[in-house]
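Me: I am new to this structure and would like to understand one part of it well. Please take a close look at the charged side chains and how they pair, and then tell me how that part fits into the whole.

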Amino acid sequence: MEKKRADTRRRIRVLHQKLSTLGPLMRGTVVLLGSTCGNPRCKCARGEKHPQYYFSVNIDRKTKTMYLRKEMRRKAEEYVKNYKLLWDIVEEMTLLNFELLKSNKP
């Protein structure tokens with residue numbers, strides 16, 4: 001039992017270190033939408049829309065979107081990935097700390 005507790009504490013320390021290495025993060029999603037340019041001779045007039053990336057997030061119960069240029073898209077995807085990593089770490093730490101609390105019963 002003591003070895004399991006020590007392993008759990010070791011894993012928590014590793015997760016704390018991972019937290020400190022996370023870069024910028026954002027809650028939200030990078031989405032691909034199609035758009036039309038208005039040129040009647042363009043392929044988009046026949047249904048083949050132009051691909052455009054947007055960042056979408058819900059703030060105060062309202063969906064906010066922002067157009068992403070190519071270099072912004074890469075950053076936004078990285079930020080979203082970091083946010084997901086943060087939540088994975090939080091979830092694992094929750095389970096580990098739950099086990100530690102449970103094992104400290106009198």
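Reply: Let us begin with E71, which is partly exposed, with a relative accessible area of 44% (buried means under 20%, exposed over 50%, and partly exposed in between, using a 1.4 Å probe and protein chains only). Before going further, please keep in mind that this is a predicted model, where local features need pLDDT of at least 70 and side-chain atom pairs count only at pLDDT 80 or more, while totals for chains, interfaces and linings use all residues. Residues are numbered from 1 along each chain as its sequence is written, and side-chain values use heavy atoms, leaving out hydrogens and water.

The partner of E71 is R69, and the closest N and O atoms of this salt bridge are 2.9 Å apart (a salt bridge is a side-chain nitrogen of Lys or Arg within 4 Å of a carboxyl oxygen of Asp or Glu). R69 also counts as partly exposed, at 44% relative accessibility. Side chains of opposite charge can pair when their charged atoms come close. The structure holds 6 salt bridges, and R69 with E71 is one of them.

Now let us turn to D7, which forms a salt bridge with K3 and another with R10. The closest N and O atoms are 3.0 Å apart for D7 and K3, and 2.7 Å apart for D7 and R10. Together, K3, D7 and R10 are linked in a network of salt bridges. Why can D7 meet K3 in this way? The two are 4 residues apart in helix α1 (residues 2-21), so about one helical turn separates them. On the other side of the network, D7 and R10 are 3 residues apart in helix α1, which again means a separation of about one helical turn. As for the surface, K3 is exposed, with a relative accessible area of 60%. D7 is partly exposed at 29%, and R10 is partly exposed at 43%.

How does this fit into the whole? Helix α1 belongs to a chain with 2 helices and 3 strands (these are DSSP runs numbered from the N terminus: H or I of at least four residues for helices, E of at least two for strands). Along the sequence, their order is α-β-β-β-α. The C-alpha trace spans about 75 × 25 × 20 Å along its principal axes, and buried residues make up 21% of the 106 residues.

For a contrast with the charged residues, look at S56 in strand β2 (residues 50-59). S56 is buried, with a relative accessible area of 17%. Not counting residues up to four places away in sequence, S56 touches G28, T29, V31, T63, K64 and T65 (contact means heavy atoms within 4.5 Å).

Finally, back to charge: the protein chain has 25 positive and 11 negative charges, and their mean positions are 5 Å apart. Here Lys and Arg count as positive and Asp and Glu as negative, with His and the chain ends not counted; each charge is placed at NZ of Lys, CZ of Arg, CG of Asp or CD of Glu.
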